[in-house]
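Biologist: Please take one local feature of this model and go through it closely. After that, carry on to the ligand site and the helix packing in one connected account.

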Amino acid sequence: MTAKVRHELAAEIDHPRWRAALEAVPRELFVGDNVFHPDARGWVPVHRSKMSPEDWLALIYSDQSLVTQVAGVLAEDAGEPIANVWATSSSTLPSLVVRMLDTAGISEGDKVLEIGTGTGYSTALMCHRLGSGAVTSIEFDPAVAGRAKTALTAAGYAPTLVQGDGLDGFDRNAPYDRLLATCAVRTIPLRWLRQVRPGGTITTPLLGWIGAGALAHLQVADDGTASGTFPEVVYFQPARPHAAPPMGMMKLGVGDASHTTMDPALLNDETGQFVAQLAAPHAQHVWVESTLALHDVESGSHADVEPADSSGWVVHQYGPNRLWDAVERALASWLDAGKPHQSAFTLTVTPERQWVSLDVGGSGSLRWNLPA
Ligand SMILES: C[S@@+](CC[C@H](N)C(=O)[O-])C[C@H]1O[C@@H](n2cnc3c(N)ncnc32)[C@H](O)[C@@H]1O
């Protein structure tokens, strides 16, 4: 039964180079006996005994992310539903894991550093294909790291497992051919750059505080810089030290008032949100009914944009940075450039600076620095 559903999932994903690994790695071992299900109450812990064995296996081998930890609480330790928080660990949907392994170009002979072991499922797929000796994986959370180690050992894999902050990389096994993160960063840690060999690659989700996600795929150059593109839009849990601070209280409708004809709903477009995030990298956003609020906790800067009349929106801003003005300028340049998709942007990382740019043809390029 288990082998059958596993083969069905592998057939559904249908990736020639990862199919054998998908057929071999028992996902049920990595997920364990408990997951969180989202419903109106928040994250509800579900034990496998609450489902028939067939339904449980169907869930394990469905192509979806299975959340195993919320707000630092493992599903097996949770009694009540947990409301209003982000998941902190999960087994990512297998088709996305495989797409990321493929984007990273991981193949036989590569030495790989994974950031975000999580359940250990993606680590196991790599161990199956490359051999355990080629894989190092780092997990921030001690309880999650412990679970993953138990599961990997039970499945017969013995990669180097490190419990710590993956933003530091793991110098002892460097240089790596491929670095793949399954948690999201705001900026590329320079240690990653130093631990990947020239010609090697860094593949990582980016997630800024406005909430725009992207998969960055970079090649490291001989001079220790890296550059690349955003082949896919992905949303991953933030690397814990890169998570946004709590937004706290804010006042709407106060500060300097102005008028705009730039529609704030552009932030509901994935690239529009990405551009806004580049322009105001320390801001977070929230919709209060039809009013957009941008808030930067660190500097105390704030902007809100409220529908005024058929001719536009009224803007209120206070604090040292004019958040909406910066976002509006960036959105206007992006619209002038023909509203290109995020996949047209590039990322360059040097030891001194990191920037995203967009080539706008004859008139040059637009450029935004990632937060230091
Ligand atoms: C989406 S899960 C990983 C999925 C996993 N690769 C799998 O297939 O099951 C993201 C993981 O990254 C971990 N994480 C977050 N910040 C981290 C950091 N700074 N260093 C290492 N791991 C981190 C989280 O604790 C979480 O377990």
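Biologist: In which loop is A71 found?

Modeller: This is a predicted model, and what follows describes it as such. A71 is found in the loop between β3 (66-70) and β4 (73-74). The phi of A71 is near 50°, a positive value in a residue other than glycine. Most residues other than glycine have a negative phi, and most peptide bonds are trans. The second half of that statement has its own exception here: A174 and P175 are joined by a cis peptide bond, with omega about 0°. P175 is found in the loop between β8 (160-163) and β9 (176-181).

Next, the ligand site. The shell around the ligand has 27 residues, and the closest are S89, T119, S122, E139 and G166. By class, the shell holds 15 polar, 8 nonpolar and 4 charged residues. Three strands, β5 (87-91), β6 (112-115) and β7 (135-139), each supply at least two residues of that shell. The largest share is that of β5, with 4 residues.

Individual atom pairs give the detail. S89, one of the closest residues, has a polar side-chain atom 2.7 Å from an oxygen atom of the ligand. For G116 the polar atom is a backbone one, 3.1 Å from a nitrogen atom of the ligand. A nitrogen atom of the ligand also lies 3.0 Å from a polar side-chain atom of T182. As for burial, the ligand on its own has 600 Å² of accessible area, and the protein covers 99% of it.

The helices can be taken in pairs. Helix α5 (residues 94-103) and helix α6 (residues 121-130) have axes that come within 11 Å and cross at roughly 50°. Angles under 35 degrees count as roughly parallel and those from 65 to 115 as roughly perpendicular, so α5 is oblique to α6. The crossing of α5 over α6 is right-handed.

The other pair is helix α9 (residues 270-279) with helix α10 (residues 323-336), whose axes are 8 Å apart and which pack at an angle of about 130°. An angle over 145 degrees would count as roughly antiparallel, so this angle makes α9 oblique to α10. The crossing of α9 and α10 is right-handed.

To return to the starting point, A71 has its positive phi in the loop between β3 and β4, while the cis bond between A174 and P175 involves a residue of the loop between β8 and β9.

Technical notes:
Residues numbered from 1 in each chain as written. Predicted model: local features only at pLDDT ≥ 70, side-chain atom pairs only at ≥ 80, totals over all residues. Heavy atoms only, no water. Near = heavy atom within 4 Å. Polar contact = N/O pair within 3.5 Å; in protein donor to acceptor, adjacent residues only side chain to side chain. Areas by Shrake-Rupley, 256 points an atom, 1.4 Å probe, with all protein chains shown as cover. Nonpolar A, V, L, I, M, F, W, Y, C, P; charged D, E, K, R; others polar. Axes fitted to C-alpha atoms, helices over the stretch in contact; angles between N-to-C directions. Left-handed = near helix turned anticlockwise from the far one by under 90°.
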